[in-house]
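Me: I'd like to practise reading a structure with you, one feature at a time. Could we start with how the chains meet and then go inside each of them?

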Amino acid sequence: MDSLNIQQQEEQVFEKLKQFITEVLGEDIADELDITPESIFTKDLEMDSIEIVALAEKVKQEYGDRMDFNEWLSGMDMEQLINLSIGDIVNLIVNAHS
Amino acid sequence: MPIVEINNKKVHILELNKEASETIVMIHGMFTNSSLFYFNIAPELAKKYHVLLYDLRSHGLSEKIDQGFDLKSLSSDLIHLLNFYNLSQVDLVGYSFGGLITLYSAIHYPERIKKIAIIESPITDKDGDTEKVIEKYGNEFLEHYMQNYSVSTKIVPNKRQLEKNKKLFDYLMHESSMPDDLIKDRYFSSKENMNSVNQESLLLYGMQSDCLPDGKILKNYIPNVTFFEGEGDHNIPIQNPEWIKKKLADFFNV
């Protein structure tokens with residue numbers, strides 16, 4: 001991944017997160033959503049807290065060797081968690097890899 | 001998303017800091033799930049401990065089961081979980097109904113449970129009319145609960161979340177043995193039972209909580225207990241996680 005430029009890395013991570021979201025929500029629900037980097041998990045994707053936990057566990061499994069995802073999440077207050085977007089996680093992962 | 005087969009049921013488990021030598025198991029309340037602790041409170045305890053979170057039967061991502069919501073069955077699920085992970089002794093943190101499971105386990109499996117922390121647990125049958133309370137557990141109760149939850153936590157559930165919550169509530173209250181099971185345990189919070197809790201115990205309650213009087217009763221019944229009131233109501237783990245984190249960290253020497 002180091003050899004890719006930032007934009008390519010972001011696109012790659014975004015596609016992976018999109019795949020995870022589809023696995024968590026199920027294809028029927030995910031197909032009806034417009035999933036973009038700006039999508040906010042709670043508002044735009046209507047994910048509930050246990051679905052976000054399931055997504056977080058998948059992110060940890062995929063990228064956890066380079067960053068402490070739980071520690072990052074634990075630094076957020078409730079408002080930040082509610083407003084978390086896909087792009088926020090993409091940036092975290094790409095920055096951890098660069 | 002680890003789902004493991006425990007006590008013949010599929011249980012959703014979350015683990016933090018697997019390498020630590022001592023374990024804290026955290027038990028959520030009725031109609032909620034392990035996410036209550038996952039984002040904020042569990043990572044604090046995971047600085048020192050192996051933290052194990054699980055979804056109770058029919059809650060969160062665990063298997064839907066229409067019976068066994070009495071404290072004996074739910075405590076048995078916990079002990080099977082400890083056996084599955086080869087944990088001979090653990091500390092427990094329980095929120096609301098999870099606190100009742102914590103107390104039951106502490107009394108009936110004293111060799112497996114070291115210290116216990118109870119957050120906002122009600123006492124059973126406090127008004128002497130459990131059946132009447134359960135009769136009120138209709139959709140009106142759910143709507144009231146969700147409205148109060150939204151106001152006090154500032155989390156407004158979206159349409160899909162509301163539908164999911166309503167489905168879970170209807171299933172548990174109308175299609176499962178939960179109402180009967182709750183009645184079965186109506187005398188659990190007796191002075192005699194609570195007097196037999198031998199573990200060092202922590203009680204955390206919200207100053208504006210309806211459960212605060214219950215906490216004060218438990219404070220008088222449980223022998224080796226420390227009691228604190230913090231800013232918030234029954235939803236204090238969401239409203240005031242920093243206070244909960246600090247009190248738990250002090251109690252467990254994190």
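Me: How much area is buried between chain A and chain B?

Reply: The size of an interface is often given as the accessible area lost when the parts come together. In this predicted model, that area is about 2000 Å² for chain A and chain B, and carbon and sulfur atoms give 59% of it.

Me: Which three residues supply more of the area that chain A buries against chain B than any other three?

Reply: Look at E46(A), I50(A) and V53(A), which together supply 28% of what chain A buries there. As for residue numbers, chain A brings 23 residues to the contact and chain B brings 25.

Me: Good, now inside chain A. At what angle do the axes of helix 1 and helix 3 of chain A cross?

Reply: Angles under 35 degrees count as roughly parallel, over 145 as roughly antiparallel and 65 to 115 as roughly perpendicular, with the rest oblique. Helix 1 (residues 6-25) and helix 3 (residues 49-63) of chain A cross at roughly 135 degrees, their axes coming within 10 Å. These two helices of chain A are therefore oblique to each other. The crossing of helix 1 of chain A past helix 3 of chain A is right-handed. Helix 1 of chain A contributes residues including V13(A), L17(A), F20(A) and I21(A), while helix 3 of chain A offers A54(A), L55(A) and V59(A), among others. By class, this contact has 10 nonpolar, no polar and 5 charged residues.

Me: And which residues make the contact of helix 1 with helix 6 of chain A?

Reply: First the geometry: the axes of helix 1 and helix 6 (residues 86-97) of chain A come within 9 Å and cross at roughly 130 degrees. Helix 1 of chain A again makes a right-handed crossing, here with helix 6 of chain A. Among the residues in contact are I6(A), V13(A), F14(A), L17(A) and I21(A) from helix 1 of chain A, facing a set from helix 6 of chain A that includes I89(A), V90(A), I93(A) and H97(A). Sorted by class, there are 10 nonpolar, 3 polar and 1 charged residues. Notice that V13(A), L17(A) and I21(A) of helix 1 of chain A appear in both contacts.

Me: Let's turn to chain B. What is the strand order of its open sheet?

Reply: The 8 strands run 1-2-4-3-5-6-7-8, with mixed pairing. Strand 1 (3-6) and strand 8 (225-230) of chain B each have a single partner strand, so one side of each is left without a neighbour in the sheet. On average, neighbouring strands are turned by 25 degrees against each other, direction ignored.

Me: In what sense do strand 3 and strand 4 of chain B pair?

Reply: Strand 3 (residues 23-27) and strand 4 (residues 50-54) of chain B are parallel, joined over 5 bridges. One of the bridge pairs is V25(B) with L52(B) in strand 4 of chain B. Helix 3 (residues 71-84) of chain B packs on this sheet, touching strands that include strand 3 and strand 4 of chain B.

Me: How do helix 3 and helix 4 of chain B cross?

Reply: Their axes come within 9 Å and cross at roughly 75 degrees, helix 4 being residues 97-108 of chain B. That makes helix 3 of chain B roughly perpendicular to helix 4 of chain B.

Definitions and conventions: Residues are numbered from 1 along each chain as its sequence is written. Chains are lettered from A and ligands numbered from 1 in the order in which they are written. This is a predicted model: local features need pLDDT of at least 70, side-chain atom pairs count only at pLDDT 80 or more; totals for chains, interfaces and linings use all residues. Side-chain values use heavy atoms; hydrogens and water are left out. Two strands pair if DSSP finds at least two bridges between them. Helices (H or I, at least four residues) and strands (E, at least two) are DSSP runs, numbered from the N terminus. Axes are lines fitted to C-alpha atoms, for helices over the stretch in contact, and angles run from 0 to 180 degrees between N-to-C directions. Contact means heavy atoms within 4.5 Å. A crossing is left-handed if the near helix is turned anticlockwise from the far one by less than a right angle, and right-handed if clockwise. Ala, Val, Leu, Ile, Met, Phe, Trp, Tyr, Cys and Pro count as nonpolar, Asp, Glu, Lys and Arg as charged, and the others, Gly among them, as polar. Buried area is the accessible area (1.4 Å probe) that two parts lose on being put together, summed over both.
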